[in-house]
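Biologist: Please take a close look at one part of this model for me. I would like the sheet and the turns around it.

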Amino acid sequence: KARGASSAASAANAAIEHTRHWALGSGGKWTSMGVWSDGSYGVEEGIYFSFPVVCSLGGYSVVQNVPVSKAKAEALKRTNDELVQERDTVAKALGIKKSSFEDTYKQWKTKFDQGQLPYFHPPALK
């Protein structure tokens with residue numbers, strides 16, 4: 001039980017830190033966040049992936065050109081390939097066409113680039 005509580009507390013702390021950095025900024029320091037891929041480091045666009053980022057008041061930028069060893073590059077590729085396969089398998093099972101999630105990604109990225117954070121705040125009730 002103690003180990004389970006410790007694990008839950010650790011996960012909760014990670015979620016709090018993630019949200020704090022995203023909303024308030026990371027003070028110019030790198031942090032790792034699972035974000036929609038923009039194609040950095042060879043990760044397919046639109047896949048949620050953990051990247052080194054710098055956060056600033058509700059936004060983030062993926063840190064580019066971090067040296068990656070051959071072994072790490074191979075691990076990144078394997079993980080990317082697994083995530084793409086999982087996404088495609090689920091999409092096929094649900095009858096979702098690839099163009100649908102590509103369009104969703106483009107819409108999200110456009111809003112994000114315009115300084116809007118879709119889904120960051122709950123939608124207004126009408």
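Modeller: Here is the sheet, strand by strand, followed by the loops beside it.

This is a predicted model, in which local features need pLDDT of at least 70, side-chain atom pairs count only at pLDDT 80 or more, and totals for chains, interfaces and linings use all residues. Residues are numbered from 1 along each chain as its sequence is written, and side-chain values use heavy atoms, with hydrogens and water left out.

Start with the overall layout. The open sheet has 3 strands in the order 1-2-3, with antiparallel pairing. Strand 1 (31-36) and strand 3 are the edges; each has a single partner strand, so one side of each lacks a neighbour in the sheet. From one strand to the next, the twist averages 60 degrees. Such angles run from 0 to 180 degrees between N-to-C directions, with axes fitted as lines to C-alpha atoms. Strands are DSSP runs (E, at least two residues) and helices likewise (H or I, at least four), numbered from the N terminus. Two strands pair if DSSP finds at least two bridges between them.

Now the hairpin. Strand 2 (residues 48-56) pairs with strand 3 (residues 59-62) over 4 bridges, in the antiparallel sense. V53 has V62 in strand 3 as its bridge partner. S56 stands opposite G59 in strand 3. The hairpin has 2 residues between the strands, and L57 takes a positive phi near 45 degrees there. Most residues other than glycine have a negative phi.

Stay with S56 for a moment. S56 belongs to strand 2. S56 counts as exposed because its relative accessibility is 51%. The cut-offs are under 20% relative accessible area for buried, over 50% for exposed and partly exposed in between (1.4 Å probe, protein chains only). S56 also lies 6.5 Å from S26 in space, C-alpha to C-alpha, with their positions 30 residues apart in sequence.

Two loop residues deserve a look as well. Y41 sits in the loop between strand 1 and strand 2. Phi of Y41 is positive, near 55 degrees. At 25% relative accessibility, Y41 counts as partly exposed. N65 sits in the loop between strand 3 and helix 2 (70-94). Phi of N65 is also positive, near 60 degrees. N65 is exposed, with a relative accessible area of 72%.
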